[in-house]
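Have the sequence and the model at hand while reading. The paragraphs below go from one part of the chain to another.

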Amino acid sequence: MTFQGAIFDVDGVLVDSPHEPAWRDSLRELMEGDWADIAGQTTWTADGFTSQVYQKVLSGKPRMNGATDALEYFKVPDVARRAQEYAERKQDKVIALIEAGDFKAFPDALRFVLGVIAAGIPTAAASSSKNAGLMLRQIRLDTFAEQQGLPADLAKVARPGLTLLDALDVDISGRDFAHGKPAPDIFLAAAEELHQPAAQCFVVEDAPSGVQAAKAGDMFAIGVARATTPTCWPRSTRIWW
């Protein structure tokens, strides 16, 4: 079949974002500071907030959902009251890291995006993160093309001054939907804004919940397991269709 739409998650797919350290460091600061009096009542330890925990509990979720689920995972009391403080602290920290350029784009992902665009397939970014656009607009595809010495068909896509955000046809990242992943709402909205049938789109995701969301929307799914990012699916699995 010929695909008519490509939908990309951002964190863990297009960029190695600072969300994980922002979540981890924010909770450590709270547990060692303002929440020190209740730390002993929880299962939290500085070493216990691993990449595996991030992937399982927080990855791909809207900010408040992630904060709530993380606090419940570590059995923090009074979650309803504390989740807002945790989410706000994390947001301040991740914005500071992004503005400082403390993240990187994955070269394989940029090459793939350029290839998809060169093939004439409409593209969209669809991340739960409200910070995705901040990162995408800092990634210069023209600079990447010059550094990588890309083939002519890919290099011609990366016109002077082109950012990754500019290169995508649609960006619905950070919008609020009635149901988060593994519900397909965000991906169905992306397909609709691309003016393409969902069944003829594919989604690129790094979280199992994202792959489940794509399949729930009757879409094809590519599940990416980064060698440097532990995931909840087997390490031997690199791509799922």
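This is a predicted model. A starting point is helix H1, which covers residues 19–32 and holds 14 residues. How far apart should its ends be? At 1.5 Å a residue, the helix should span 20 Å. The C-alpha atoms at the ends of H1 are 20 Å apart, so the model agrees with the expected span.

Next comes the question of which residues of H1 are buried. They are His19, Glu20, Ala22, Trp23, Ser26, Leu27, Leu30 and Met31. A general rule helps in reading such a list. An α-helix has 3.6 residues a turn, so residues three or four places apart point the same way. The cover over the buried residues of H1 includes helix H2 (51–58) and helix H3 (63–73). Helix H4 (79–99) and helix H6 (132–136) are also part of that cover.

Glu20 is one residue of H1 to look at by itself. Its relative accessibility is 14%, and because buried means under 20%, Glu20 counts as buried. The side chain of Glu20 makes a polar contact of 2.5 Å with the side chain of Ser51. Apart from neighbours within four places in sequence, Glu20 is in contact with Thr50, Ser51 and Tyr54.

Now turn from the helix to the empty space. Rolling a probe the size of a water molecule over the atoms shows where empty space is left. In this model the largest pocket has a volume of about 410 Å³. It is lined by 31 residues, and those closest to its centre are Lys61, Pro62, Arg63, Ser128 and Ser129. Which elements give two or more residues to this lining? They are H1, H2, H3 and helix H10 (185–193). H3 gives the most, with three residues. By kind, the lining of the largest pocket divides into nine nonpolar, 11 polar and 11 charged residues.

Val13 is found in a loop, the one between strand E1 (5–8) and strand E2 (15–16). Is Val13 buried or exposed? With a relative accessibility of 2%, Val13 counts as buried. Leaving out neighbours within four places in sequence, the residues in contact with Val13 are Phe8, Phe106, Ala109, Val204, Glu205, Asp206 and Arg226. Val13 and Gly217 are 204 residues apart along the chain, and 19 Å separates their C-alpha atoms.

The last part concerns the backbone. Most residues other than glycine have a negative phi, and most peptide bonds are trans. Three places in this part of the tour can be read against that rule. At one of them, a cis peptide bond joins Lys181 and Pro182, with an omega of about 20 degrees. Pro182 sits in the loop between strand E5 (170–171) and H10.

Asp78 is not a glycine, yet it has a positive phi of about 60 degrees. The loop between H3 and H4 holds Asp78. Asp78 has a relative accessible area of 39%, so it is partly exposed. His195 also has a positive phi of about 60 degrees, although it is not a glycine. His195 lies in the loop between H10 and strand E6 (201–205). Its relative accessible area is 69%, and His195 is therefore exposed.

Conventions: Residues are numbered from 1 along each chain as its sequence is written. This is a predicted model: local features need pLDDT of at least 70, side-chain atom pairs count only at pLDDT 80 or more; totals for chains, interfaces and linings use all residues. Side-chain values use heavy atoms; hydrogens and water are left out. Helices (H or I, at least four residues) and strands (E, at least two) are DSSP runs, numbered from the N terminus. The expected span of a helix is 1.5 Å times one less than its number of residues. Buried means under 20% relative accessible area, exposed over 50%, partly exposed in between (1.4 Å probe, protein chains only). Contact means heavy atoms within 4.5 Å. On a 1 Å grid over the protein atoms alone, a cavity is a set of points where a 1.4 Å probe fits but cannot get out, and a pocket is an open set with protein on both sides within 12 Å along at least five of seven lines; lining residues have an atom within 4 Å of a point. Grid points are joined across faces, edges and corners, and a volume is the space filled by probe spheres set on the points. Ala, Val, Leu, Ile, Met, Phe, Trp, Tyr, Cys and Pro count as nonpolar, Asp, Glu, Lys and Arg as charged, and the others, Gly among them, as polar. A polar contact is a pair of N or O atoms within 3.5 Å; within protein, one must be able to donate a hydrogen and the other to accept it, and residues adjacent in sequence count only if both atoms are side-chain atoms.
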